[in-house]
Amino acid sequence: IQDTDNLDNILERPGDSDRFLRRRGELQTNIKLSKSTLTLRVFSESRELRTTADGDELGDEEFAGVAVRGSWDFGTKTTLGISADLSQRDQNDFQDEFRRGMIDLAYAFTGRKSLRLEGLHTSQDGKDSNENDYDENQIRLRLRAEF
């Protein structure tokens, strides 16, 4: 299963040099049983008093959401994973919502070689405008080998 929050750092813009006061909070809990693991994470981040490098004022930004992960071991070599993310972003002049769901099946040939099949659906919906809305479906096949 991927990291608990694969939508983290969505407020980042490479190359920008904004200055801001960042407030971040998160709560995560893990439940581990003999053949399964469940993870729940709730997070919130705000960027206040934003300015450009030249001192021009910018609007505040907020990002908050929840991420849920579950994995089940079917024997010693096969694992099924299910995950879901829901988050909301509020920036200067737009608000949107992200949803992501994934299911994956992993098989470990050895401790250093494995194969993973993943199905992933991601969508973004604007609250005020559908200009940047999208839906994305992916199917991934990953072979991992460590040397």
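The exercises below, each with a worked solution, concern the strands, one buried residue and the largest pocket of a predicted model.

**Exercise 1.** Determine the order in which the strands of the open sheet are arranged, and state which strands form its edges.

*Solution.* Begin with the sheet as a whole: seven strands make up an open sheet, their order is 1-2-3-4-5-6-7, and the pairing is antiparallel. The edges follow from the strands that pair on one side only, and these are strand 1 (19-32) and strand 7 (134-145). As a last step, consider orientation: with direction ignored, neighbouring strands of this sheet are turned by 10° against each other on average. As background, strands of a sheet pair through backbone hydrogen bonds, in either a parallel or an antiparallel manner.

**Exercise 2.** Follow the pairing from strand 1 to strand 4, giving the bridges at each step and a pair of residues where one can be named.

*Solution.* First, strand 1 is joined to strand 2 (residues 36-51) by 13 bridges, and the two run antiparallel; here Glu26 stands opposite Phe43 of strand 2. Next, strand 2 is joined by 12 bridges to strand 3 (residues 61-74), again in the antiparallel sense, and Leu38 has Gly70 in strand 3 as its bridge partner. Finally, 13 bridges pair strand 3 with strand 4, also antiparallel, and Phe74 finds its bridge partner in Thr78 of strand 4. The hairpin of strand 3 and strand 4 has three residues between the strands, and in this hairpin Gly75 takes a positive phi near 85°.

**Exercise 3.** Decide whether Asp85 is buried or exposed, and identify the side chain that it meets in a polar contact.

*Solution.* Locate the residue first: Asp85 belongs to strand 4. Its relative accessibility is 6%, and because buried means under 20%, Asp85 counts as buried. The side chain of Asp85 is then found to be joined to that of Arg69 by a polar contact of 3.2 Å.

**Exercise 4.** Describe the largest pocket by its volume, its lining residues and the elements that supply them.

*Solution.* Start from the volume, since rolling a probe the size of a water molecule over the atoms shows where empty space is left. The largest pocket holds about 170 Å³ of space. It is lined by 14 residues, of which Ala106, Tyr107, Ser114, Arg116 and Arg144 are the closest to its centre. Two or more lining residues come from each of strand 4 (78-91), strand 5 (94-108), strand 6 (113-126) and strand 7. Sorting the lining by class completes the description, with four nonpolar, five polar and five charged residues.

Methods
Residues numbered from 1 in each chain as written. Predicted model: local features only at pLDDT ≥ 70, side-chain atom pairs only at ≥ 80, totals over all residues. Heavy atoms only, no water. Pairing = 2+ DSSP bridges. Helix = DSSP H or I, 4+ residues; strand = E, 2+ residues; numbered from the N terminus. Axes fitted to C-alpha atoms, helices over the stretch in contact; angles between N-to-C directions. 1 Å grid on protein atoms, 1.4 Å probe; cavity = no way out; pocket = protein on both sides within 12 Å on 5 of 7 lines; lining within 4 Å. Points joined across faces, edges and corners; volume = space filled by probe spheres on them. Nonpolar A, V, L, I, M, F, W, Y, C, P; charged D, E, K, R; others polar. Buried < 20%, exposed > 50% of the residue type's maximum accessible area, 1.4 Å probe, protein only. Polar contact = N/O pair within 3.5 Å; in protein donor to acceptor, adjacent residues only side chain to side chain.
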